[in-house]
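Here is a short guided walk to read with the model open beside you. Take the sections in order, or skip to the part that catches your eye.

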Amino acid sequence: MKKKMCKKNIFYAIKKIIKKNTEPFWIYEERTILKQIKKLKKFDVIRYAQKSCSNINILKIMKKNNLKIDAISLGEIERAIESGFSAKNDEIVFTSDIFEKKTLLKIKKLNITVNIGSTDMIKQIGKISPGHKIWLRINPKFGYGHSKKTNTGGENSKHGIWNINDAIKKVKKYRLKLLGFHIHAGSGINLNNLKKICKYMKKKIIKINKKINIISSGGGISVPYKKTEKKINIKKYIKKWIKAKKEVEKHINKKIILETEPGRFLMAKSGFLISEVRAIKKTRKYKFILVNVGFNDLIRPVMYGSYHKISIIKKNNKKIDFKKTEKVVISGPLCESGDIFTVKKNGDIETRDLPKISIGDNLLFHDVGAYGSSMSSNYNSRPFIKEFLLTKKNKIKMIRKSQKIKDLIKLEKIK
């Protein structure tokens, strides 16, 4: 009953915004975010991967619920600080495979712990900040992902350190303080490949035999996008990591902290993208429904061949006839043939069975809270669109204004 009420609340909020708002928009549901956080409470630390959705109002929710933050750029460091996170107590950890000069100086100034992904970084931080706190990100020499583009382990991945022994020598040479190890094999981890990941992490740490403080299990916890996809058994997922942690503790004779670094798991299900149908056209093969959002807004389908459920709100709240459906292709307004939202894994066009759609209807893209807005661009000189939050008290709050075209042009007016 509670779940149904929750869904009613979000759709009521969407309809309310549509009445007052003629532009497309994103909306997130705070209750869904909090529900996902609760599932991970058995980890010692939940560190939010803000790249999945970096709006400062979302970051404030994470901060309020005692999460820590992962930053992968100077911009993300600044967003974390703006949202109330501090460099103290490792509230912010910087994860990357390189240091940009400005970022390195900021990290030194604030004494931010670094999750190091390449041995060159060890030398660069060591030269200017001896004794700096670091983790080492291990490339486990294998990886997984819902797409080959989200596989972060193995010889085809740029991420992580391949030769750990060499890295350990450099850490000693530059007198850095090694706090722990991080492993992230890809986005879309399930219980089958998790066993291998835990075993590898445990084996490596025991072999290195360092008195570390932390193990980070990385992120990549899978979420289902289709009805046919199963939810991961999160209790078993956590249990496997806790078991690995205890075995490491027993070997090094020291208590350690077990972190997780979720992004998609916390945010995906909370988000919707709302568009309006602006044109309908037929070819010999397909019926195209053209909406006023493009892959500049939601890039996941064209980038990864990702599936997102699509539902309809009829113009003037007319009833939907679910018994009569038609095969359609949902596409955007960009001057690109690839601006298609209904695609196969390989990127080919795929039709979707949907009830009859008319000009002026609103189409809702589901499960876009992660890597939706945060991956938006200004391609075709299209401004970023509004973002809303449905709070846990069922209040609708705008959390980002729509960008103006003049804002885009302003940066190019150089006197």
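## Strand S1 and its partners

Strand S1 pairs with S16 in the parallel sense, over five bridges. Within this pairing, Glu29 stands opposite Leu390 in S16. Please keep in mind that this is a predicted model. S1 also has a partner in strand S10 (residues 271-282): the two run antiparallel and are joined by four bridges. Here the bridge partner of Tyr28 is Gly271 in S10.

How many of the five residues of S1 are buried? Five of the five are, so to say that the strand is mostly covered is fair. In a regular strand, side chains alternate between the two faces of the sheet. Both faces of S1 are covered, with Phe25, Ile27 and Glu29 buried on one side and Trp26 and Tyr28 buried on the other.

## Helix H2 and Gln36

Let us turn to helix H2, which spans residues 30-39 and has Glu30, Thr32, Ile33, Gln36 and Ile37 as its buried residues. Viewed down the axis of H2, these buried residues fall within an arc of 160°, and so they line one face of the helix. They pack against strand S1 (25-29), strand S2 (45-49), helix H3 (56-64), helix H10 (264-267) and strand S16 (386-390).

Gln36 deserves a look of its own within helix H2. Is Gln36 buried or exposed? Its relative accessible area is 7%, and buried means under 20%, so Gln36 counts as buried. The side chain of Gln36 makes a polar contact of 2.8 Å with the side chain of Lys39. Leaving aside neighbours within four places in sequence, Gln36 is in contact with Phe265 and Leu266.

## Nonpolar cores

Now for the cores. The largest nonpolar core has 91 residues, and those with the most contacts inside it are Ile58, Leu136, Trp241 and Ile330. A second, separate core of 13 residues includes Ile10, Ile27, Ile274 and Leu364.

Which residues does Ile58 touch, leaving aside its neighbours within four places in sequence? Ile58 is in contact with Tyr28, Ile33, Tyr48, Cys53, Met267, Leu389 and Ile399. Two of these names have come up already: Tyr28 is one of the buried residues of S1, and Ile33 is one of the buried residues of H2.

## Strands S2, S8 and S9

Strand S9 (residues 257-260) pairs with S2 in the parallel sense over two bridges. In that pairing, Val45 has Glu259 of S9 as its bridge partner. S9 also runs parallel to strand S8 (residues 214-216), to which three bridges join it. Glu259 appears here again, since Ser216 stands opposite it in S9.

What kind of unit do S8, helix H9 and S9 make? Together with H9 (residues 234-252), the two strands make a right-handed β-α-β unit.

## Helix H5, inside and out

Helix H5 (residues 101-110) has Thr103, Leu104 and Ile107 buried. Seen down the axis of H5, these residues fall within an arc of 100°, so they line one face of the helix. An α-helix has 3.6 residues a turn, so residues three or four places apart point the same way. The face of H5 turned away from the buried side carries the exposed residues Lys101, Lys102, Leu105 and Lys109.

What covers the buried residues of H5 includes helix H4 (74-82), strand S4 (92-96), strand S5 (113-116) and helix H6 (119-128). After H5 comes Asn111, which has a positive phi, near 60°.

## Ser118 and Lys133

Ser118 lies in the loop between S5 and H6. With 17% relative accessibility, Ser118 counts as buried. Gly160 is 42 residues away along the chain, while the C-alpha atoms of Ser118 and Gly160 are separated by 6.2 Å. Leaving aside neighbours within four places in sequence, Ser118 is in contact with Asp97 and Ile161.

Our last stop is Lys133, found in strand S6 (residues 133-138). Its side chain and that of Asp90 are joined by a polar contact of 3.2 Å. Apart from neighbours within four places in sequence, Lys133 is in contact with Asp90, Ile112, Thr113, Val114, Lys177 and Leu179.

Notes:
Residues numbered from 1 in each chain as written. Predicted model: local features only at pLDDT ≥ 70, side-chain atom pairs only at ≥ 80, totals over all residues. Heavy atoms only, no water. Polar contact = N/O pair within 3.5 Å; in protein donor to acceptor, adjacent residues only side chain to side chain. Contact = heavy atoms within 4.5 Å. Buried < 20%, exposed > 50% of the residue type's maximum accessible area, 1.4 Å probe, protein only. Arc of directions from axis to C-beta. Core = buried A, V, L, I, M, F, W, Y, C linked by side-chain atoms within 4.5 Å. Pairing = 2+ DSSP bridges. Right-handed = clockwise from strand over helix to strand, strands pointing away.
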